[in-house]
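Trainee: I would like to go through this structure slowly and ask what lies behind each label. Could we take one claim at a time?

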Amino acid sequence: MGFIDTAPGTNLPVFYNVVHAVGKQCPNMRDDVKLVQYLLMAYYDKLPPSERPKGEIAVTGYCGSATMNWILKFQLDFSKHFPGKVTVDNRVDRIRDKTAFKGSIRKTFYTLAILNINVAANNPEAFLALPSLVPLQNPANVPPPSWNVIHEMQIPATGGA
């Protein structure tokens, strides 16, 4: 479930975070997906229709092909303007580093941090309205971060006689 997180002393002192990753090979928990869908819709709502991703999404909590397309389009759009600053992997991971907002492996900005920053700056009404429209968890009850990639089960090959 999404939650309000804090990063005092940064350019994003209050932001919205997910408990579990959303997107390709992710747990895609209903309320985390809702948070990402809402932020994507709020971001693209302020852009011309020609720049919006294909397909329609709503805040449903279901991470289907349209939601995956919107995540990918957002990452591609950002990486086009700022090459190498975001990983284009069709995932929205939990923000763990709340000082630099960068992942520890690739050292690129979290997609969710970029979404938060852009929605807060370009659609502040939607950013402030989020807690009343999307269920958020009490920060005291949020589980610690984990590596929550769903790995495909490997089935060993069997030999014939």
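**From a pocket to the helices around it**

Mentor: Let us begin with the second largest pocket, whose lining has, by class, 4 nonpolar, 2 polar and 4 charged residues. Please keep in mind throughout that the model is a predicted one.

Trainee: Which residues line the second largest pocket, and about how much space lies in that pocket?

Mentor: The lining is made up of Tyr 43, Leu 47, Glu 51, Lys 73, Asp 77, Phe 78, Lys 80, His 81, Phe 82 and Asn 118, and the space in the second largest pocket comes to about 180 Å³.

Trainee: Which element gives the most to that lining?

Mentor: Helix 2, which covers residues 65–81, gives the most, with 5 residues.

Trainee: How do you know what span helix 2 should have, and what do its end C-alpha atoms show?

Mentor: The expected span is 1.5 Å times one less than the number of residues, so for the 17 residues of helix 2 the span should be 24 Å, and because its end C-alpha atoms are 24 Å apart, the two values agree. Helix 3, with 12 residues, can be tested in the same way: from its first C-alpha to its last it reaches 16 Å, close to the 16 Å expected at 1.5 Å a residue.

Trainee: Which residues of helix 2 are buried, and what do they pack against?

Mentor: The buried residues of helix 2 are Thr 67, Met 68, Trp 70, Ile 71, Phe 74, Gln 75, Asp 77, Phe 78 and Ser 79. They pack against strand 3 (22–23), helix 1 (30–45), strand 4 (91–92) and helix 3 (111–122).

Trainee: And which are the buried residues of helix 3, and which elements do they pack against?

Mentor: In helix 3 the buried residues are Thr 111, Leu 112, Ala 113, Ile 114, Leu 115, Asn 116 and Val 119, and they pack against strand 2 (14–17), helix 1, helix 2, strand 4 and helix 4 (124–133).

Trainee: Asn 122 is found in helix 3 too, so is Asn 122 buried, exposed or partly exposed, and why?

Mentor: Buried means under 20% relative accessible area and exposed means over 50%; because Asn 122 has a relative accessible area of 45%, it falls in between and is called partly exposed. Although Asn 122 and Ala 42 are 80 residues apart in sequence, their C-alpha atoms are 8.9 Å apart in space.

Trainee: What makes Arg 106 buried or exposed, and where is Arg 106 found?

Mentor: Arg 106 is found in the loop between strand 4 and helix 3, and since its relative accessible area of 56% is over the 50% limit, Arg 106 is exposed. Leaving aside residues up to four places away in sequence, Arg 106 touches Thr 87 and Asp 89, and its C-alpha is 8.9 Å from that of Val 86, a residue 20 places away in sequence.

Trainee: What is the sign of phi in Asn 90 and in Phe 101, and what makes that worth a remark?

Mentor: Most residues other than glycine have a negative phi. Asn 90, by contrast, has a positive phi near 65°, and Phe 101, which is not a glycine either, has a positive phi of about 60°. Asn 90 lies in the loop between helix 2 and strand 4, whereas Phe 101 has its place in the loop between strand 4 and helix 3. With a limit of under 20% for a buried residue, Asn 90 counts as buried because its relative accessibility is 12%, and Phe 101 is buried because its relative accessible area is 4%.

Trainee: How many disulfides are counted, and how do you know?

Mentor: A disulfide needs two cysteine sulfur atoms within 2.5 Å, and by this rule the count comes to 0. Cys 26 is in no disulfide, since the nearest cysteine sulfur, that of Cys 63, is 7.6 Å away rather than within 2.5 Å. Cys 63 is likewise in no disulfide, its nearest cysteine sulfur being that of Cys 26.

Trainee: Are Cys 26 and Cys 63 buried or exposed, and why?

Mentor: Cys 26, at 5% relative accessibility, counts as buried, and Cys 63 also counts as buried because its value is 16%.

Definitions and conventions
Residues are numbered from 1 along each chain as its sequence is written. This is a predicted model: local features need pLDDT of at least 70, side-chain atom pairs count only at pLDDT 80 or more; totals for chains, interfaces and linings use all residues. Side-chain values use heavy atoms; hydrogens and water are left out. Buried means under 20% relative accessible area, exposed over 50%, partly exposed in between (1.4 Å probe, protein chains only). On a 1 Å grid over the protein atoms alone, a cavity is a set of points where a 1.4 Å probe fits but cannot get out, and a pocket is an open set with protein on both sides within 12 Å along at least five of seven lines; lining residues have an atom within 4 Å of a point. Grid points are joined across faces, edges and corners, and a volume is the space filled by probe spheres set on the points. Helices (H or I, at least four residues) and strands (E, at least two) are DSSP runs, numbered from the N terminus. Ala, Val, Leu, Ile, Met, Phe, Trp, Tyr, Cys and Pro count as nonpolar, Asp, Glu, Lys and Arg as charged, and the others, Gly among them, as polar. Contact means heavy atoms within 4.5 Å.
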